[in-house]
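Me: Could you take a close look at the charged side-chain pairs in this model and follow them into the parts around them? I'd like one connected account, with the numbers kept in.

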Amino acid sequence: MTFEELYREVLKQTLKPDGKPLPEHEAGHLDCLLYPEKYPPVLRTESCEKCEYDQACEKSCVFDAIVPGPDGKLVIDPDLCTGCGACIEACHSDKLTASRDILPALKAVRDKGKLAYALVAPAFLGQFSEDVTPGKLRNAFKALGFDGMVEVALFADILTLKEALEFDRNILHDGDYQLTSCCCPVWIAMIRKVYRDLMPHVPGAVSPMIACGRVIKKLHPEAVTVFIGPCIAKKSEAREPDLAGAVDYVLTFQEIRDVFEAADIDPGVLPESEKDHSSRAGRIYAHTGGVSEAVKSTVEQLNPRRNIAVRTRQADGVPACRAMIQQLENGEIDGNFFEGMGCVGGCVGGPKAILNREEGRRHVEAYGDDAAYYTPLENPYVIELLHRLGFDTVEDLLHKSDIFTRDF
């Protein structure tokens, strides 16, 4: 039985127990499914005796996370793997796969003694079919045992406001610049681990996922938080020492689709339960250029008389991000706000998105256009939440925002 077959069989028996023993399988595979926290976000499901593709997985890893083990065979270093997924794409032998966190997550969600919240990434719209509105998806999660669904786009609004305030305070002269986006763990990991000298230009903001998890934990300390998105790297981000504890489990869109199918839940036929809280700015984080547009429009509202305008540059995909950084270091590129996304197309191009990136971008843009508010400064839910968290003014995000700041 392959790892994939075992995963689907165990998932089926978890949701619909029949008492039958599992078919013969590798013990290590079951351990990966039951205790994913012990393993890196990318798993080797078969050992490689001899690589027919000249160790393409090792060569694809910008973080040098694939290294020879004691026996000379390649292994994945869990401390170095960010979960970018480049090695999975490079391995034409199909011996690498993303970890699956669904079994312990379902167990935690169904613990009757705790609240459980689904934290849904801004790229979600359209991923589960055109018929699945945010309200129907909310009810689908409740059918699985969650107490509620929270759109992470609301927290993208808050991080947009924080980054706009940082830009307005720090970018005062030609030659000053800011590196973003906090939402992409691959981009941030590249700067931290490969281009460390550029870290002074990175505002110490957490990602919207971490911000969402921290706020829920502050309001409901015992709650279970489960992030759902198109990204494998978020699994690694949630475990980073200065971020751990905000998000208990990270699942991908494909994992959630598997659960809906195994549980016979069709989100498209469920009733509506609409609760829209995010602005266009937060919703468009999911595609390349979205963060740049969000921060630029917010800076212009914060300080319309700025002498230095926001000049944005973007790159998506690891090679393009590295090229943009090289141009920046060589003085060959003009700009003062640089956005990097590890996946081509941004989050909508993530390795575990269900839609192709063009369709994903179209849905994200449409959802952004439907927002009642253009920027977080116009969004009363942002202001209300900040007040609830003890922020008297939006400017307090610069001075007392530990909940939205990370320790690099």
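**From salt bridges to the surrounding core**

Reply: Happy to! In this predicted model, D31 and K38 form a salt bridge, and their closest N and O atoms are 2.8 Å apart. That pair is one entry in a total of 25 salt bridges. Two others deserve a closer look.

Take R100 and E4, whose side chains meet in a salt bridge at 2.4 Å, N to O. This pair connects distant parts of the chain, since R100 is in the loop between strand 4 (96-98) and helix 5, whereas E4 is in helix 1, and 96 residues separate the two. Is R100 buried or exposed? R100 is buried, because its relative accessible area of 8% falls under the 20% cut-off. E4, at 31%, is partly exposed. So the buried R100 has a partly exposed partner.

R100 and E4 also belong to a network of salt bridges that takes in R8 and D258. D258 brings us to helix 11 (residues 253-262), where 7 of the 10 residues are buried, so the helix is mostly covered. D258 is itself among those buried residues, along with F253, E255, I256, V259, F260 and A262. As background, an α-helix has 3.6 residues a turn, so residues three or four places apart point the same way.

What do the buried residues of helix 11 pack against? Their neighbours are helix 1 (3-15), helix 5 (102-109), helix 6, strand 8 (224-229), helix 10 (233-237) and strand 9 (249-252). Helix 1, the home of E4, is thus on that list. Just past the end of helix 11, D264 has a positive phi of about 60°, a backbone detail you may want to look up in the coordinates.

Further along helix 1 comes Q13. With a relative accessible area of 16%, Q13 is buried. Beyond its neighbours within four places in sequence, Q13 touches D18, K20, P21 and L22. For a sense of distance, Q13 and Q254 are 241 residues apart in sequence, and their C-alpha atoms are 18 Å apart in space.

Strand 8, one of the elements packed against by helix 11, leads to strand 5 (residues 116-120). Why is strand 5 described as largely enclosed by the rest of the structure? Because 5 of its 5 residues are buried. The burial involves both faces: A116, A118 and V120 lie on one side, with Y117 and L119 on the other. In a regular strand, side chains alternate between the two faces of the sheet. Strand 5 pairs with strand 8 in the parallel sense over 5 bridges, and with strand 6 in the parallel sense over 4 bridges. Y117 ties these pairings together nicely: T225 stands opposite it in strand 8, and G148 is its bridge partner in strand 6.

Strand 6 (148-151) in turn helps to line the largest pocket, as do helix 6 (134-144), helix 7 (153-170), helix 9 (208-219) and helix 16 (380-388), each giving at least two residues. This pocket holds about 600 Å³ of space. Of its 21 lining residues, V150, L154, F155, H277 and R388 lie nearest the centre. Charge has a place here too, with 7 charged residues in the lining beside 10 nonpolar and 4 polar ones.

The other pair worth following is D334 with R311, whose side chains form a salt bridge at 3.4 Å, N to O. It again links distant parts of the chain: D334 sits in the loop between helix 14 (318-329) and strand 11 (337-341), R311 in the loop between helix 13 and strand 10 (312-316), and the two are 23 residues apart. D334 is partly exposed, with a relative accessible area of 44%, and R311 is partly exposed at 25%.

Helix 13 (residues 290-302) also contains S292. S292 is buried, as its relative accessible area is 3%. Apart from neighbours within four places in sequence, S292 contacts T312, R313, Q314, F337 and E339.

How values were computed
Residues are numbered from 1 along each chain as its sequence is written. This is a predicted model: local features need pLDDT of at least 70, side-chain atom pairs count only at pLDDT 80 or more; totals for chains, interfaces and linings use all residues. Side-chain values use heavy atoms; hydrogens and water are left out. On a 1 Å grid over the protein atoms alone, a cavity is a set of points where a 1.4 Å probe fits but cannot get out, and a pocket is an open set with protein on both sides within 12 Å along at least five of seven lines; lining residues have an atom within 4 Å of a point. Grid points are joined across faces, edges and corners, and a volume is the space filled by probe spheres set on the points. Ala, Val, Leu, Ile, Met, Phe, Trp, Tyr, Cys and Pro count as nonpolar, Asp, Glu, Lys and Arg as charged, and the others, Gly among them, as polar. Buried means under 20% relative accessible area, exposed over 50%, partly exposed in between (1.4 Å probe, protein chains only). Contact means heavy atoms within 4.5 Å. A salt bridge is a side-chain nitrogen of Lys or Arg within 4 Å of a carboxyl oxygen of Asp or Glu. Two strands pair if DSSP finds at least two bridges between them.
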